Amino acid sequence: HKTVEAVPEREKLFAENRVKYEQKWGRILRIFFPYLYKGKDALRATLNDLILLGRNECYVDLFVYNKGPEEIRDIFNFAGLRPHANVNVRKGKASNIFLKSMFQILKKRKKPYDILLSNDLDLSHALSRIHWIHGLPIYTERAGVDDIGKCFDDCHVHVVDNFQKLIAKKKV
């Protein structure tokens, strides 16, 4: 921005270039994912999906919450994968996941999230109850849904086979 600060039509040029970029590549999605740890294999499969999203110009904030005694130091190494720059990983204890998630969503005002992912149906439904605050579509994987009957049309929770299908949401 500093090199083009003196250009009078700077904002107009940025807006035009953003439209051209999005027509060619799709819009950039910012994704928040409070992830409840349910085993190494499930984590590896989810990270593979998220890495593919990262390669397709999505920015993912993954918060891994662990209920069990197993300590996970480096998420990617633990899952046997290489890190991706567009997948930002943080860890935490599984207490008050709902409050921690809401705080993270609400503090992202400058570049807000576009999509909310979850691998826990109860958390998805809790976050859908306050949809009027955040307004985000919520996606959960079919593998994370134990009782599909809990999902209703008006709960703002969408069940997908895998998170890779969200790449289609990038197209304008």
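**How much area does the protein chain expose, and what share of it do carbon and sulfur atoms supply?** The protein chain exposes about 10,400 Å², and carbon and sulfur atoms supply 52% of that area; accessible areas come from the Shrake-Rupley method with a 1.4 Å probe, and for residues only the protein chains shown count as cover. This is a predicted model, in which local features need pLDDT of at least 70 and side-chain atom pairs count only at pLDDT 80 or more, while totals for chains, interfaces and linings use all residues. Residues are numbered from 1 along each chain as its sequence is written, and side-chain values use heavy atoms, with hydrogens and water left out.

**Figure 1. Overview of the protein chain and its elements.** The chain holds six helices and six strands, where helices (H or I, at least four residues) and strands (E, at least two) are DSSP runs numbered from the N terminus. Read from the N terminus, the elements follow the order α-β-α-β-α-β-α-β-α-α-β-β. Of the 172 residues, 42% count as buried; buried means under 20% relative accessible area, exposed over 50%, and partly exposed in between (1.4 Å probe, protein chains only). Among contacts with a separation of 6 or more, 69% come from residues 24 or more positions apart, a contact being heavy atoms within 4.5 Å.

**Figure 2. The open sheet of six strands.** The strand order is β3-β2-β1-β4-β5-β6, with parallel pairing; two strands pair if DSSP finds at least two bridges between them. β3 and β6 (157–160) are the edge strands, each pairing on one side only. On average, neighbouring strands are turned by 25° against each other, direction ignored. Axes are lines fitted to C-alpha atoms, for helices over the stretch in contact, and angles run from 0 to 180 degrees between N-to-C directions.

**Figure 3. Pairing of β1 with β2, and two helices on the sheet.** Strand β1 (residues 29–36) runs parallel to β2 and is joined to β2 by eight bridges. Y35 stands opposite V64 in β2. Helix α2 packs on the sheet and touches β1, β2, β3, β4 (115–118) and β5 (138–141); the direction of α2 makes about 175° with that of β1. Helix α5 (residues 121–129) also packs on the sheet, touching β1, β4, β5 and β6, and the direction of α5 makes about 170° with that of β5.

**Figure 4. Surroundings of S101 in helix α4.** S101 counts as buried because its relative accessibility is 0%. Leaving aside neighbours within four places in sequence, S101 is in contact with F32, P34 and L127. S101 and P34 are 67 residues apart in sequence, and their C-alpha atoms are 6.5 Å apart in space.

**Figure 5. Two loop residues with positive phi, E57 and N96.** Most residues other than glycine have a negative phi. E57 has a phi near 60° and lies in the loop between α2 (40–55) and β2 (58–66). E57 has 28% relative accessibility and therefore counts as partly exposed. N96, with a phi of about 55°, sits in the loop between β3 (87–93) and α4 (97–107). At 52% relative accessibility, N96 counts as exposed.
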